[in-house]
Amino acid sequence: MKVLATYNIKGGVGKTASAVNLAHVAASRGRRVLVWDLDPQGAATFYFRIAPKVKGGAKGIVKGSTELGDAIKATDFENLDLVPADFSYRHLDLWLDDAKRPLTRIRRALRSLSDEYDTVILDCPPSISLTSEGVFRAADALLVPTIPTTLSLRTYEQLDRFVEDHPGMVRELRILGFFSIVERHRRLHRRFMDELRGMHPDLLETVIPTSNDIERMGVERKPVGAFARGSRSARAYEALWAEIEQRLATA
Amino acid sequence: MIEVERYEVVGAGDVGAVVDVLVGSMGLRIDRDEDVTRTLLDTAAGAVAAAGAVLEHRLATEGTAALVWSESGRVLDRLDDVPREIPATLDGIDLPRAASLGAAPLVPGDPVRSRIIALSCVDEAEKTTVRVVVDRTLDDEDRPLPILLEVVPLRGYRGEAERLVGELQRTVAIRTSVTGSTDRVRPMVTGSIGPVRTMTAAEGWRAALRDLTAVMSERFPGVLRGDDPEELHGFRVAIRRIRTLLRDGGGVLSPADRTRFRADFLWLGDVTTPTRDADVHVLDHPTFVTALPADRREGLGPLLDVLLAHRAEVHAEMVRDLRSVRRAEFGAAWATWLDDDVRWAPAVAPRAGDPVLDVAVAAARRACRRLVKDGRAVRKSSPPVVLHDLRKDAKRVRYLLECFTPVFDAASVETVTERLRSLQDSLGTFQDAAVQARALQALVDARDDVAPETLIAVGGVIEHLDRVSDRARRRVAGDIGRFDDRKVRRAMERLDRTKGRDER
């Protein structure tokens with residue numbers, strides 16, 4: 001089971017859209033996929049039309065009184081399940097802080113599902129907190145959507161530095177950054193992309209363009225591939241998934 | 001994965017009326033309603049079936065076509081707007097779950113006509129909580145088979161599925177069915193591709209194993225349906241033959257593959273044994289009746305109900321095992337192995353590149369020597385387990401001879417098989433009767449609702465079985481003597497006689 005996390009310290013960069021669409025692509029390619037919506041805003045949960053409620057809440061999962069498996073809901077797509085968001089996730093840091101060995105709690109909660117899923121995608125809230133550190137411990141790779149703007153580039157570098165500075169905490173963790181919400185016709189976007197690629201040649205090649213289809217996800221409440229199969233954005237997520245799989249295979 | 005629940009509408013049934021109940025009274029939504037000709041597709045080695053999957057080409061009456069990949073009764077992949085013609089391979093067709101088939105040629109089965117209606121139960125957010133499939137399939141003569149209803153619960157929505165089934169049971173006359181919609185598509189008709197003399201040992205073993213795998217694939221739907229004991233019997237014989245070929249494939253197959261698949265086929269044989277035993281009990285019930293004095297026969301009436309109930313229980317258990325992840329994973333690995341040329345290259349094992357005739361003859365002679373040696377050691381006082389092992393020795397010889405019949409000298413095979421058959425009959429009768437007697441005793445012991453007259457009648461049957469078993473045992477010594485003679489030895493020596501002729 002590979003654990004991936006869509007993560008960025010900054011909000012509004014396309015984390016949830018990436019988590020939902022990549023999960024949908026992976027499931028349609030035959031993978032058994034679980035998305036865990038860790039963001040109390042519950043956008044991934046909303047996209048899948050599932051009620052944002054976990055019996056026992058974040059506390060139950062952190063304390064181990066709620067089995068993560070009992071919280072899972074099937075989505076409308078075969079092989080694609082979800083652990084819904086719950087408003088109590090806003091206190092996840094507090095519960096983790098109270099727990100023994102807080103950084104391994106998320107990893108331990110996932111361990112019982114290793115036979116059931118090939119891929120887990122954690123959709124994380126935008127912050128560096130105890131929750132995100134727990135995610136770093138649990139994940140094999142961070143998928144970092146990055147808008148080609150100055151602020152986004154700064155946060156990407158902050159993350160890169162954080163990982164470098166904590167080699168013990170994030171052993172084996174791979175950072176797979178990619179450009180998201182890209183407007184190719186904008187010269188500034190192109191320039192920032194070139195600059196960042198120069199500094200970080202490891203960035204993924206695939207670029208997720210800005211698109212109406214991705215915005216329509218909120219109206220359709222479905223992954224792009226489910227209502228706009230073959231569209232530019234659907235194809236972009238397919239290419240991105242293929243590239244991620246290839247990178248993970250060569251890890 | 002949560003299991004699909006299957007029901008059959010009792011009586012003739014009217015699809016329209018059933019759908020009206022589901023949509024009108026129960027609020028389900030129709031996702032798809034199609035009138036289709038369904039054709040099962042698989043490779044010659046049965047790669048799809050071996051993976052626990054079903055691949056269908058569905059041609060709709062309005063001319064559109066789709067490819068549908070299902071596992072455990074769930075449609076996992078569907079590709080619409082494919083060509084109307086049945087594809088020769090899946091090369092270039094984007095059906096992810098079938099990717100492992102690559103460019104392997106597909107063999108179509110016999111087409112069947114069905115109306116399939118897929119419905120969903122949705123909540124207030126329009127989220128699907130339960131799926132329902134209604135299947136009305138026509139038989140060979142265009143007569144409708146019973147309507148099938150499949151309830152597909154989704155994880156986390158078990159309660160909704162239970163409520164739906166409860167409501168269905170109140171409004172439509174249904175009963176549980178062990179088979180589902182995908183079991184109604186007919187298996188492929190496979191031509192024999194068995195071993196021939198010009199092959200290497202690896203090629204010969206591979207051809208024989210493919211043949212047997214095809215037999216298993218053909219029998220599989222019937223095994224699941226459970227309405228014809230012959231289907232399970234044939235399925236099990238194919239398993240035992242495969243096990244023999246794996247056992248005697250040392251030097252031909254790679255040791256790791258051989259070890260792994262021997263364990264898998266042993267498991268597969270084991271999970272089907274209780275159902276086969278139960279089938280034999282039911283089939284033999286009339287014989288039990290006639291074996292009793294007329295005044296005790298009536299007591300056996302309730303025994304048939306007990307046997308049938310037990311048979312239904314063990315069959316349902318077997319179907320669960322045959323639809324399990326373990327079976328699917330092992331099936332997929334088996335099919336991949338059979339199709340992978342690299343793992344059949346001459347270099348994988350020391351005798352893989354030798355002529356099949358040489359290796360198969362050596363295996364058959366080795367098995368025969370073992371049978372003769374063990375047969376000579378049998379005494380009147382030998383415990384049943386010795387005879388049981390002897391029966392296994394005999395089966396091993398028989399299976400090797402039959403699997404490689406096209407390679408061996410036909411007259412020699414016939415001579416050996418004829419003597420062997422008689423020995424096997426005696427050993428089989430001995431063991432089957434002994435096993436049946438024990439099983440019947442255990443079955444009635446386990447129940448506290450068996451009437452005294454039935455107990456007495458069962459006692460009579462057990463006595464009868466003991467007599468049958470004794471008689472068979474007495475015949476074994478003579479049969480061993482007839483097998484262990486010059487004529488059989490000479491035939492075994494001449495198994496490769498055709499080789500000599502060819503070389504001259």
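Both faces of strand β2 of chain A are covered, since A:V33, A:V35 and A:D37 on one side and A:L34 and A:W36 on the other are all buried. The model in which this arrangement appears is a predicted one. The strand spans residues 33–37 of chain A, and five of its five residues are buried, so that the strand is described as mostly covered under a criterion that sets buried at under 20% relative accessible area.

The neighbours of β2(A) lie in two further strands of chain A. Strand β4, which comprises residues 80–83 of chain A, runs parallel to β2(A) and is joined to β2(A) by four bridges; within this pairing, A:L34 has A:D81 as its bridge partner. Strand β5 of chain A, made up of residues 119–123, likewise runs parallel to β2(A), and the two are joined by five bridges. In β5(A), A:L122 is the residue that stands opposite A:W36, while A:D123 stands opposite A:D37. The two buried residues A:L34 and A:W36, which share one side of β2(A), are thus found with bridge partners in β4(A) for A:L34 and in β5(A) for A:W36.

These pairings belong to an open sheet of eight strands in chain A, with mixed pairing and the order β3-β4-β2-β5-β1-β6-β7-β8. The edges of this sheet are formed by β3 (73–74) and β8 (207–209) of chain A, each of which pairs on one side only. In the order of the sheet, β2(A) is placed between β4(A) and β5(A).

Taken as a whole, chain A contains eleven helices and eight strands, and 57% of its 251 residues count as buried. Of the contacts in chain A with a separation of 6 or more, 78% are accounted for by residues 24 or more positions apart. The surface that chain A exposes amounts to about 11100 Å², with carbon and sulfur atoms supplying 47% of it.

Chain B, with 504 residues, of which 51% are buried, has 14 helices and ten strands. Among its contacts between residues at least 6 apart in sequence, 71% join residues at least 24 apart. The accessible surface of chain B comes to about 22800 Å², and 51% of that surface belongs to carbon and sulfur atoms.

The two chains meet in a contact that takes 21 residues from chain A and 17 residues from chain B. On the side of chain B, B:R97, B:K127 and B:R155 supply 39% of the area buried against chain A, which is more than any other three residues supply. Between them the chains bury about 1600 Å², of which 36% lies on carbon and sulfur atoms.

Across this interface, five salt bridges are found, and the side chains of B:K127 and A:D76 meet in a salt bridge with an N to O distance of 2.9 Å. There are also 13 residue pairs in polar contact across the interface, counted where both residues have a pLDDT of 80 or more. The elements that give two or more residues to the side of chain B that touches chain A are β5 (74–80) and β8 (128–137) of chain B; of these, β5(B) gives the most, with five residues.

Note on methods. Residues are numbered from 1 along each chain as its sequence is written. Chains are lettered from A and ligands numbered from 1 in the order in which they are written. This is a predicted model: local features need pLDDT of at least 70, side-chain atom pairs count only at pLDDT 80 or more; totals for chains, interfaces and linings use all residues. Side-chain values use heavy atoms; hydrogens and water are left out. Buried means under 20% relative accessible area, exposed over 50%, partly exposed in between (1.4 Å probe, protein chains only). Contact means heavy atoms within 4.5 Å. Accessible areas come from the Shrake-Rupley method with a 1.4 Å probe; for residues, only the protein chains shown count as cover. Two strands pair if DSSP finds at least two bridges between them. Buried area is the accessible area (1.4 Å probe) that two parts lose on being put together, summed over both. A salt bridge is a side-chain nitrogen of Lys or Arg within 4 Å of a carboxyl oxygen of Asp or Glu. A polar contact is a pair of N or O atoms within 3.5 Å; within protein, one must be able to donate a hydrogen and the other to accept it, and residues adjacent in sequence count only if both atoms are side-chain atoms.
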